[in-house]
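Biologist: Could you take me through one part of this model in detail? I'd like to follow the sheet strand by strand, with the residue pairs that line up across it.

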Amino acid sequence: MESLPDVLLQVILSRINDAREVAACNCVSKRWNDSTAYIKALRFPHNSFDNICSTGESSDTIIRRMLSRVLQLEKLVVYSPFSSAGIESWLSIVGQSLRDLELRMDDVPNDHNISDKQSKVECIGAASNLESLRLWGVLILHSPKWNVFQNLRNLELIDLQVDQPVLNFVFQSCPFVTRLLLLKCQGVLSLSINLTYLEECKLDIYGMGNCSLTLNSPVIESFEVQGCSVIVVPQSQHLRHLSISNKAGRVYRVDFGNLPALEFLSMRGICWYWDAICKMLKLATEVKHLFMKVEFTGDFETLQPFPEIDFVDFFNNHKKLQKFDIHGAMFAALHLRNNVQHMNSGFVIPCLEEVVITVRSLLNAEQKMSTLESLLKYGENLRIMVIKITQMKSTHRSVDDFFKQISWFKYMNQNIVKIE
């Protein structure tokens, strides 16, 4: 290393970003120490200041000293504890050169020093040229006094507690964002997102599952949402990847525009209104991968099984479907009517290559076997069928009979069928 030119040494050492490793390199030689100025990224893990000799200096001071030696820092990640005074002093040094900032805020709501939590958020505005911002464990009580982040394209707020008006101001400060993640978001019952350039959005709303969401983003391509009962996305013509889930509540209403580009659709939850299910299936005619894991339908407190879904009509309306993940209720609802008539009509499932089926109960066992046989019979390009059988509590003889049928079905089609 000592024989290398300074430029090469600087390039090599600039690839080191862990703060403790950088500090260790500084002790090797003066040349190595001088190369600290050319580091582009610094990362302070949560244990950065464990087991170091006590010098009377705070972690804020040590971080500031390291940052002051860097000429053009582009990425800063701080998981170790820090104060609002600390981040203010750091960003006064490197704020203009930073492109990527990630902070573990650890803003516990019952902490007595709420003003310090808020000022941490305020200080971020000094990094006006950010392209990516990630905040973990953040509490935002009031609208931060930020100017518009002209270059910010990626915004991730994880373990967030915030009110809707404050969140609206955050969005207004980041109008050019193309990727938005709000994970473990608490305190929101009604959410409206209006971001013109947003292409990818992932939302995880904590609570009772009764949040109402409106997304106005004309170029949105990928959208995942969890915890909303009402979802309105009027401009969805570019949407290719869509996932809707509600683990705590019910999905009452979904309102999308046309979905001509949709390739992947995932629908999950304990209960969806049947109208919402039908609307999504009707819109998703171009889908190539469909994942269905909705346990029940019904209104308010009444949980009901799916009504019958005509097997032929379903696949005629989803001719591009290549992979189908069916769980429980959807599988039980598929029903082949007028079998002889369909055999003579030239019906086929043209594109289906993979089916993954989860069987949860013995109800309508004969119909389920018929569906399995029909998938195999009419899926002219089917390469693999995976049947997942969950633990059935019944000790009735019918369980043994069902397993015998499934086993025989696998034996007769062992090149395609697998049982898990």
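Modeller: Here is a walk across the sheet, going from one edge to the other. Keep in mind that this is a predicted model. The sheet is an open one built from four strands, in the order S7-S9-S11-S13, and the pairing is parallel. The two edge positions belong to S7 (190-194) and S13 (253-256); each has a single partner strand, so one side of each is left without a neighbour in the sheet. As for twist, neighbouring strands here are turned by 10 degrees against each other on average, direction ignored.

Let's start at the S7 edge. S7 runs parallel to S9 (residues 211-216), and five bridges join the two. If you want a spot to click on, Leu-191 stands opposite Leu-213 in S9.

Next step inwards: S9 is also joined to S11, by four bridges, and again the two run parallel. A pair to look for here is Ser-212, which stands opposite Val-230 in S11.

S11 itself (residues 228-233) deserves a pause. Six of its six residues are buried, meaning under 20% relative accessible area, so S11 is largely enclosed by the rest of the structure.

From there we get to the other edge. Four bridges join S11 to S13, and these strands run parallel too. Val-230 turns up once more at this step, standing opposite Arg-253 in S13. That makes Val-230 a handy marker to centre your view on: it faces Ser-212 on the S9 side and Arg-253 on the S13 side.

Notes. Residues are numbered from 1 along each chain as its sequence is written. This is a predicted model: local features need pLDDT of at least 70, side-chain atom pairs count only at pLDDT 80 or more; totals for chains, interfaces and linings use all residues. Side-chain values use heavy atoms; hydrogens and water are left out. Two strands pair if DSSP finds at least two bridges between them. Axes are lines fitted to C-alpha atoms, for helices over the stretch in contact, and angles run from 0 to 180 degrees between N-to-C directions. Buried means under 20% relative accessible area, exposed over 50%, partly exposed in between (1.4 Å probe, protein chains only).
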